[in-house]
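Colleague: I would like to go through the terms used for this protein one by one. Please set each value against its definition.

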Amino acid sequence: MNIGIDIDGVLVDDDTYRLDTMTKYCFENNLPNIDYPYKYESKCDWTHDITEDYRQKYYFDYLQNMPAKSYAAEVIEKLHDDGNKIIIITGRYKTQEDSSLGEQMRKYTTNWLNKNHIVYDEVCFAHCPKIKEIKEKSIDIMIDDSPEILPEIVKVTKALCFDNRYNIDLTLNNMIRVFSWYDIYRKIKQM
């Protein structure tokens, strides 16, 4: 099987990181509280300058230093050893750009994967909703967490939705909710 795996929210807990850093940033910069701080900074009604300042202060550290979720590397290695092809498909900020920042973001991403011992056959830096890459790579199962992207993914392949507070209400045909990396392993083995 060809298994597609997202990074943020699936391989790494970006939800807690963003919650912690965004509320700290608001406090330190005398910004109003965020109604839904667990959503990405692009949905916080921040100006472009505020968003970029936040990213400079926190995002690059996150890209390099946040640990992988528990057992992610172990389970992905098992999936790979079982004969599955592992394709990382991420729509991370600026990774699709042909620019020095895009190159830096791609480097941070591949370095992070290697640092966290994530086994993979290929990395795709995709434009969301990642459908082009999912089709091109003949993905049989896509593991993602985005409530905006999953409704599009399920139109072209099976999806495993990594449970997070921001996608708790999402229910779709062709989608199975998963709660941990060993839950993912068990459910894939049952398919």
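Colleague: What area does the protein expose, and how much of it do carbon and sulfur atoms supply?

Modeller: About 9,700 Å² is exposed, with 47% of it from carbon and sulfur atoms. Accessible areas here come from the Shrake-Rupley method with a 1.4 Å probe, and for residues only the protein chains shown count as cover. The model is predicted: local features need pLDDT of at least 70, side-chain atom pairs count only at pLDDT 80 or more, and totals for chains, interfaces and linings use all residues. Residues are numbered from 1 along each chain as its sequence is written, and side-chain values use heavy atoms, leaving out hydrogens and water.

Colleague: How many helices and strands are there in the protein?

Modeller: The protein has 7 helices and 6 strands, taken as DSSP runs (helices H or I, at least four residues; strands E, at least two) and numbered from the N terminus.

Colleague: Why is the protein called as compact as a globular protein of that length?

Modeller: Its radius of gyration is 17 Å, close to the 16 Å that the globule rule gives for 191 residues, so the description applies. The radius is taken over C-alpha atoms, and the rule is 2.2 Å times the number of residues to the power 0.38.

Colleague: What makes the pair of Tyr59 and Tyr93 edge-to-face?

Modeller: Rings of Phe, Tyr and Trp (its six-membered ring) pair if their centres lie within 6.5 Å; planes under 30 degrees apart are stacked, over 60 edge-to-face, the rest tilted. A search of the whole structure finds 13 aromatic pairs. For Tyr59 and Tyr93 the centres are 6.0 Å apart and the planes at 80 degrees, so this pair is edge-to-face.
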